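This note is written for a colleague meeting the structure for the first time. Please read the numbered points with the sequence and the model in view.

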Amino acid sequence: MSKAWVKVYSSEQIHLIEIIKGILEDEKITSVSLNKTDSMHTHLSLGEIELFVKSEEVIKAKHLISKITFWII
């Protein structure tokens, strides 16, 4: 991942990442996820899924995430 992308959230639960990605998309914030879970042992939940946004959108994204994670977690 280049310096143009900054991690703003991570979780072991893919559905939380997808919800947050959808909300960021609604606000015109481009995001990408990087799944670091072990595909051989998905039942063990080893690893996290990380969510990245462009460096110029970090503050807005983190603000939105802090508001919505209160409701979805």
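**Notes on the fold and selected residues**

1. Ser31 touches Trp5, Lys21, Leu24, Leu51, Phe52 and Val53, when residues up to four places away in sequence are not counted. The model is a predicted one. Ser31 belongs to strand β2, which covers residues 31-35. With a relative accessible area of 14%, Ser31 is buried, because the cut-off for a buried residue is under 20%. Across from Ser31, in β3, stands Val53, which is also among the residues that Ser31 touches.

2. How is the chain built up along the sequence? The pattern is β-α-β-β-α, with two helices and three strands in the chain. Of the 73 residues in the chain, 29% are buried. Among contacts between residues at least 6 apart in sequence, 65% join residues at least 24 apart. The chain exposes about 5100 Å², and carbon and sulfur atoms supply 56% of that area.

3. The three strands form an open sheet in the order β1-β3-β2, with antiparallel pairing. β1 (5-11) and β2 stand at the edges, and each has a single partner strand, so one side of each is left without a neighbour in the sheet. On average, neighbouring strands of this sheet are turned by 30 degrees against each other, direction ignored. As background, strands of a sheet pair through backbone hydrogen bonds, either parallel or antiparallel.

4. The pairing of β2 deserves a separate remark. Five bridges join β2 to β3 (residues 49-54), and these two strands run antiparallel. The position of Ser31 opposite Val53 in β3 belongs to this part of the description.

5. Helix α1 spans residues 14-26. Does its length agree or disagree with the expected span? At 1.5 Å a residue, its 13 residues should span 18 Å, and the end C-alpha atoms are 19 Å apart, which agrees. The helix lies across β1, β2 and β3 and runs at about 15 degrees to β3.

6. Which residues of α1 are buried? Leu16, Ile17, Ile20 and Leu24 are buried in this helix. These four residues cover an arc of only 100 degrees around the axis, which puts them on the same side of α1. Glu25 and Asp26, on the other side of α1, are exposed. Leu24, one of the buried residues, is also among the residues that Ser31 touches.

7. Glu18 is likewise placed in helix α1. At 42% relative accessibility, Glu18 counts as partly exposed, because that class lies between the buried limit of 20% and the exposed limit of 50%. Glu18 and Ser33 are 15 residues apart in sequence, and their C-alpha atoms are 8.8 Å apart in space.

8. Lys28 follows α1 and lies in the loop between α1 and β2. Its phi is near 65 degrees, a positive value in a residue other than glycine. Most residues other than glycine have a negative phi, and for that reason the backbone of Lys28 merits a look in the model. At 68% relative accessibility, Lys28 counts as exposed, because exposed residues are those over 50%.

How values were computed. Residues are numbered from 1 along each chain as its sequence is written. This is a predicted model: local features need pLDDT of at least 70, side-chain atom pairs count only at pLDDT 80 or more; totals for chains, interfaces and linings use all residues. Side-chain values use heavy atoms; hydrogens and water are left out. The expected span of a helix is 1.5 Å times one less than its number of residues. Buried means under 20% relative accessible area, exposed over 50%, partly exposed in between (1.4 Å probe, protein chains only). The arc is that of the directions from the helix axis to the C-beta atoms. Contact means heavy atoms within 4.5 Å. Two strands pair if DSSP finds at least two bridges between them. Axes are lines fitted to C-alpha atoms, for helices over the stretch in contact, and angles run from 0 to 180 degrees between N-to-C directions. Accessible areas come from the Shrake-Rupley method with a 1.4 Å probe; for residues, only the protein chains shown count as cover.
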